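Trainee: I should like to request a close look at a single part of this structure, its pocket, together with the elements related to it. Please begin with whatever term has to be fixed beforehand.

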Amino acid sequence: MVSLKAFIAEQLTPKTIEAVGLVEPAGPVVSGAPLSARVIPRAEHEISRRQLSYGALQVLNGLHRAGFQAYLVGGSVRDLLLGREPKDFDVATDARPEQVRKLFRRNARLIGRRFILAHVQFGEEIIEVATFRGGSAEQQDAGERSASGRILADNSYGTLEEDALRRDLTANALYYNIADRSILDFSTGLEDLRAGRLRMIGDARTRYSEDPVRMLRAVRFAAKLGFRLDEAAQEPIAECRSLLAEVPPARLFDETLKLFLTGHGLASFELLRQHGLFAVLFPTIEAALAEDALEPSRRLLQLALEGTDERVAAGKSVTPAFLFAALLWPALQIQCATMESTGKPPALALQRAAAELLQEASGRVTVPRRFSLPMREIWDLQARFQRRGGRRPYALLAHPRFRAAFDFLELRSRAGEISAALPQWWLAFQEADHAAREALVAQAREEDRGQEQELGPLPASRRRPRRRDRHRGPRNEGAKDQGDTPPSPMDGETG
């Protein structure tokens, strides 16, 4: 079996290059750096090719042999310089997406609308390949921007220098050149990495206006790296944060996942509140967190973020449904109390409050149904934990959302919202045998007897009515018992 590396080497002959539409350089490939870039030679940095993944090396070397420029760029270069393991590897090149697809054939596919990218896959690893992006802010056509300056169309190609200037942070504008293994720094990226500082490339106010999500990215990288935002990047946030209202809610949801589910959720949450960005994304939750009576709910949210960070660090799975259940819980408590004060039963108040809260949140950050439905089930099951008589505990234990709902119950207990006795009982019930469970149920029945009237009975199961036979008339029981037909009105009359 021929390896991909050998296949590329065999196929990239002058005849093949011409056939697939690639441009072979007139002379030897020159690795000289652009005049505006600072060059850090291999001897002066710590990145080795052995630290790159197999897929990244195949893409870089394949593009280079075909006569294209090929650079490792972005977070992978930054993380390698910081001594961290990159999450993935991105490549920047002067090859067009169609040329990348032809070069790697069945391994590559094109994605994207605003800007077309190539995904080259090796096993489970996907290398994202982007063509150099061009066009400075002054070169953008006015018709491709909103009234506030946000870029609406972004499909122009450019040079390496233009690509570097279009990136948001100096720490992300570092390029590893596969040709001579040097690093190109187009701003103060290397200096800022060593100083633990995040700077915007260009005027921060203009960059935030072009794409308001850059404010969220700046906060996310500050939380992830433990860096500080410099004053020039912080100062315009107060003026520009309202522009996040122009960003599609689905995109804001994706950015929220990156903020809270990648191992630095608590730090991201604190920085978002510090810069007033959390209030723009979740105004109802921000208002609820200011209520003095909801201190347990604030503590619950903090514990949920801490637990999520710990699970990510341990390599365990995390679900957006559980985190958003904790995130929206303070606001849900306020709306439930308001509805209950009007006389609505607790169960009905919870359902309506949840529906209204999700509807209101969808205007800013849309939570997809695949997460909102299990999130509501986690909320709905909280009241059922208090009903421990009869067969109810067994039915609840068999519920598909029991584990997530029980974890949420424990979280409420740790936050001081409810007594620790309730989750302890349920933990004992899960681990007990049948006889011990019956004893626990009998004990709980006596404890909960006074609560049954307050909580109300479980909703009765609705049985479908029996279908009547349409071809038979109403039965006359008297006639059946007598064995004859009912008397006719004409009986007894004489002619």
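Mentor: The term to fix is exposure: a residue is called buried under 20% relative accessible area, exposed over 50%, and partly exposed in between. By that scale Ala-428, with a relative accessible area of 32%, is partly exposed because its value falls in the middle range. Ala-428 belongs to helix α22, which covers residues 421-431. Between Ala-428 and Leu-440 there are 8.4 Å from C-alpha to C-alpha, at a separation of 12 residues in sequence. The model is a predicted one, and what follows should be read accordingly.

With the term settled, I turn to the pocket. The largest pocket has a volume of about 1,900 Å³. Its lining comprises 48 residues, and those nearest the centre are Asp-90, Glu-128, Arg-133, Arg-217 and Lys-258. Two or more lining residues come from each of α4 (75-81), β3 (90-93), β5 (117-122), β6 (125-131), α6 (160-166), α9 (213-225) and α12 (249-260). By residue class, the lining holds 27 charged, eight polar and 13 nonpolar residues.

Among the helices, α9 deserves attention, since it gives the most to this lining, with five residues. The helix has 13 residues and spans 18 Å from its first C-alpha to its last, close to the 18 Å expected at 1.5 Å a residue. Of those 13 residues, 11 are buried; among them are Val-213, Arg-214, Met-215, Leu-216, Arg-220 and Phe-221. Immediately after α9 comes Gly-226, whose phi is positive, at about 75°.

Three of the lining elements, β3, β5 and β6, also take part in an open sheet. This sheet has eight strands in the order β1-β8-β7-β2-β3-β6-β5-β4, and its pairing is mixed. The edges are formed by β1 (38-40) and β4; each has a single partner strand, so one side of each has no neighbour in the sheet. On average, neighbouring strands are turned by 30° against each other, direction ignored.

Within the sheet, β6 has a pairing of each kind. With β3 it pairs in the parallel sense over four bridges, and Val-91 finds its bridge partner in Val-129 of β6. With β5, β6 runs antiparallel, joined by five bridges; here Phe-122 has Glu-125 of β6 as its bridge partner. The two strands β5 and β6 form a hairpin with two residues between them, and Gly-123 in the turn shows a positive phi of about 65°. In another part of the sheet, β7 and β8 are antiparallel and are joined by three bridges, with Leu-174 opposite Asp-185 in β8.

Two loops leading to strands of the sheet complete the picture. Most residues other than glycine have a negative phi. Arg-105, however, has a positive phi of about 50°. Arg-105 sits in the loop between α5 (97-104) and β4 (108-111), and its relative accessibility of 42% makes it partly exposed. Arg-181 also has a positive phi, near 60°, without being a glycine. The loop that holds Arg-181 runs between β7 (174-177) and β8 (183-185). At 34% relative accessibility, Arg-181 counts as partly exposed.

Conventions:
Residues are numbered from 1 along each chain as its sequence is written. This is a predicted model: local features need pLDDT of at least 70, side-chain atom pairs count only at pLDDT 80 or more; totals for chains, interfaces and linings use all residues. Side-chain values use heavy atoms; hydrogens and water are left out. Buried means under 20% relative accessible area, exposed over 50%, partly exposed in between (1.4 Å probe, protein chains only). On a 1 Å grid over the protein atoms alone, a cavity is a set of points where a 1.4 Å probe fits but cannot get out, and a pocket is an open set with protein on both sides within 12 Å along at least five of seven lines; lining residues have an atom within 4 Å of a point. Grid points are joined across faces, edges and corners, and a volume is the space filled by probe spheres set on the points. Ala, Val, Leu, Ile, Met, Phe, Trp, Tyr, Cys and Pro count as nonpolar, Asp, Glu, Lys and Arg as charged, and the others, Gly among them, as polar. The expected span of a helix is 1.5 Å times one less than its number of residues. Two strands pair if DSSP finds at least two bridges between them. Axes are lines fitted to C-alpha atoms, for helices over the stretch in contact, and angles run from 0 to 180 degrees between N-to-C directions.
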